[in-house]
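Here's a quick tour of a protein–DNA model, written for someone who'd rather be at the bench. Have a look at the structure first, and then we'll start with one helix and work outwards.

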There are 2 protein chains.
Amino acid sequence: MTEDPPVQHMVLAVSTVIFSLRPHPDTGELTLWLPLVRRIREPFKNRWALPGGPLQDSQDLGEAARTAMRRTTGLQPRHLEQLYAFGDVDRSPDAPERVVSIVYWALVRQDEDAHAVDAENVAWHPVDEVPGPLAFDHDLIVRYAVDRLRAKVTYSPIAHAFLPAEFALAELRRVYEAVLNRALDPSNFRRQILSQGTVEDTGRRMTGTAHRPPRLYRSAPQSSRYSLTIEESP
Amino acid sequence: MTEDPPVQHMVLAVSTVIFSLRPHPDTGELTLWLPLVRRIREPFKNRWALPGGPLQDSQDLGEAARTAMRRTTGLQPRHLEQLYAFGDVDRSPDAPERVVSIVYWALVRQDEDAHAVDAENVAWHPVDEVPGPLAFDHDLIVRYAVDRLRAKVTYSPIAHAFLPAEFALAELRRVYEAVLNRALDPSNFRRQILSQGTVEDTGRRMTGTAHRPPRLYRSAPQSSRYSLTIEESP
DNA sequence: ACAAAAGTGTTTACAATACACCCATGT
DNA sequence: ACATGGGTGTATTGTAAACACTTTTGT
C-alpha cells in the first residue's frame, strides 16, 4: 500500500466447501457429504467444481459464500468460516484470466438438510468419493477443508452446528463419529462434553424413542471464546 | 465460477505482519516487535500501516508477502504463513477503490534480525505498544496475528523459526516466554520439548557462557506433520 | 569456594481411557 | 420380561505441574 496500484488483470472469486451429514449409500453409516457443481463451460468444462463465483463489487466475502450456498442448495449456513485464499499464478492455467479464490467452509444443520433443493448441475458426494479430478485445484481444497474440519472438531464445539437447537448427546456423538470416522466411547464422550460446559440441559427429554428417552440439550452461549475469532454467523 | 465474471472494481493487496524478538526498551525483557510503515499519501496519510502493497499480476501471494518483507526490513522470512483475507466492503471507506487484503505473518530469526536495515518511513514497535489507530483495519489484524501466534506456539514447533540453526533449550524457552508473556518452568519445559521430538541433540555444547555450558540442539526434520499444511518456506 | 545456570528425579494432581454395571422405556 | 440404548461409577493409566536436588562451568 505504498505505491500506486497498477491495473490488475485477475479475478477475485469466492468458493465454499459445504459439509452435510448423510448416511452412506452402501454402509448406511453417517458420513460427510458436499455438493459440487458441474461446469458447463471452459475452462474445465464438464468437470465438477466447488460452488462459488466471482466476488461482486458490493458483496462482503462471507456474503458471497452465503449466496453461493443458497444458490446451489437453497440453504442458509449455520456455521461459516474462512478457510484459505488460493492465488498461485499457475493454479488456473487454462482460464482466460488469473483467478484468486478465497475459500470458505460451511456446515449444514441436519434438520435443514431435508429441505435442501439442489439447483441445476448440482450433486452431492461423500467427501471420500468425490468424482475427481475436480476443476482448478479444488481436489486440494477439499482435502484441506476436510482436514481442517476434523482438526477443529476436536478442540472447538463446532460439531453443534450440524444439529438442531435441541439434541440428545448420542446425536452429538454420532456427529463426532461421522466427522472423525471412528467410534467413540459413549460414557466418556458424555463426560467430556458435559465437563466442557458447551451444552446445557433443557430439562426436557426426547419423546417417541425406541428405548429410554434421552435428555435434550442445547448448545451453551459461547462464554467468550477467549481467542478472538473471525468467524461469521448469519 | 458459474457465471461470466463481471468487471470488478477493487484492488487485491497483500500485507504482512512481521514478528521479531527484541528486548523491551524499558524492562529489558524479550518481547515481540513488528515493523510498521508510515503512509505518505491518502487515504490514512501519516498513519502507520502494515508493510504490503498491491498484488502484481505475475506474483504468487506468498511471493508478494516476501517482497514486502524484503523491502521494509531487508530480511528473508524463515517462516511465512497466511493469516486471513480481509475484504469487507466498508473496510477502507476513504480509499478510492475497494481493497481486499490477504494478510500473511512472518517470523524473523534472531541472529538475522541484527542485519535488518529499515527502509524509509519504517519503524519497529513492541506489539503491545503500536502507535494506533493504524491505517485501515490494521489494528484488528495485528491483534488477530498476535493471538494466532500465541495459540500456534503452544501446539506447533514454530518457535524454532525465531532461532538460528543451533540453539540451547534455555534460548528456546526464552522465545516461548516472550511470545506467551509468562515464565515457564525450565525443567518441565525441557522435558516437554524433548518428548515432542521436535529437536535433536547436536552432541556439541555452547562455548563462552558465564556458567555451565548448555547442549546445542537443532530442530528435527518435520517428521511429516500429519495434517496437510499449506505453509510456505523460502 | 561460590554463584548461577544446566540438567535430573520425585511427588502430586488431574485428565483420558476402559469397562462393569444400573436405569427406563417400547415392544 | 426383555432387548436396547441412556446414563453412572470406578479402576487404571498417562500426562502436566511443582519443586527439591545434583552437576558443571566461570569467576
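## A helix that adds up

This is a predicted model, so let's begin with a simple check. The 18 residues of α3(A), at 1.5 Å a residue, should span 26 Å, and the end C-alpha atoms are indeed 26 Å apart, so the helix agrees with expectation.

Which residues of α3(A) are buried? They are His138(A), Ile141(A), Val142(A), Tyr144(A), Ala145(A), Val146(A) and Leu149(A). The cover over these buried residues of α3(A) includes β1 (10-23), β2, β3 (48-49), β5 (79-86), β6 (98-107) and α4 of chain A.

## Two domains in chain A

The domain assignment splits chain A into domain 1 (10-154) and domain 2 (156-219). Taken over C-alpha atoms, the centres of domain 1 and domain 2 of chain A sit 27 Å apart.

Where they meet, 14 residues of domain 1 of chain A are in contact with 13 residues of domain 2 of chain A. On the domain 1 side, β2 (30-38), α2 (110-113) and α3 (138-155) of chain A each give two or more residues. The largest share, four residues, comes from α3(A). By class, that side of domain 1 of chain A has six nonpolar, three polar and five charged residues.

## Meeting the DNA

An unreviewed UniProt entry annotates residues 162-218 of chain A as "domain: NrtR DNA-binding winged helix". In the model, that stretch of chain A is 40% helix and 19% strand, with its end C-alpha atoms 12 Å apart.

How many residues surround DNA strand D? There are 18, and the closest are Ala170(A), Ser187(A), His211(A), Arg212(A) and Arg212(B). The elements giving two or more residues to this surface are α4 (169-180) and α5 (186-196) of chain A, along with α5 (186-196) of chain B. The surface near DNA strand D divides into seven nonpolar, six polar and five charged residues.

## Backbone oddities

The loop between β2 and β3 of chain A is where you'll find Pro43(A), and the peptide bond leading to Pro43(A) from Glu42(A) is cis, with omega near -5°. Chain B has a cis bond from Glu42(B) to Pro43(B), with omega near -10°; Pro43(B) lies in the loop between β2 (30-38) and β3 (48-49) of chain B.

Phe44(A) also lies in the loop between β2 and β3 of chain A, and has a positive phi of about 65° despite not being a glycine. Phe44(A) counts as partly exposed because it has 18 C-beta neighbours inside 10 Å.

Asn181(A), in the loop between α4 and α5 of chain A, is another non-glycine with a positive phi of about 65°. With 14 other C-beta atoms within 10 Å, Asn181(A) is partly exposed.

Definitions and conventions:
Residues numbered from 1 in each chain as written. Chains lettered and ligands numbered in written order. Predicted model: local features only at pLDDT ≥ 70, side-chain atom pairs only at ≥ 80, totals over all residues. Near = placed C-beta within 6 Å. Nonpolar A, V, L, I, M, F, W, Y, C, P; charged D, E, K, R; others polar. UniProt positions renumbered as here; feature names shortened; annotations may be inferred. Domains from an automatic or database assignment. Contact = placed C-beta atoms within 7 Å. Expected span 1.5 Å × (residues − 1). Buried ≥ 20, exposed ≤ 12 C-beta atoms within 10 Å, placed from the backbone.
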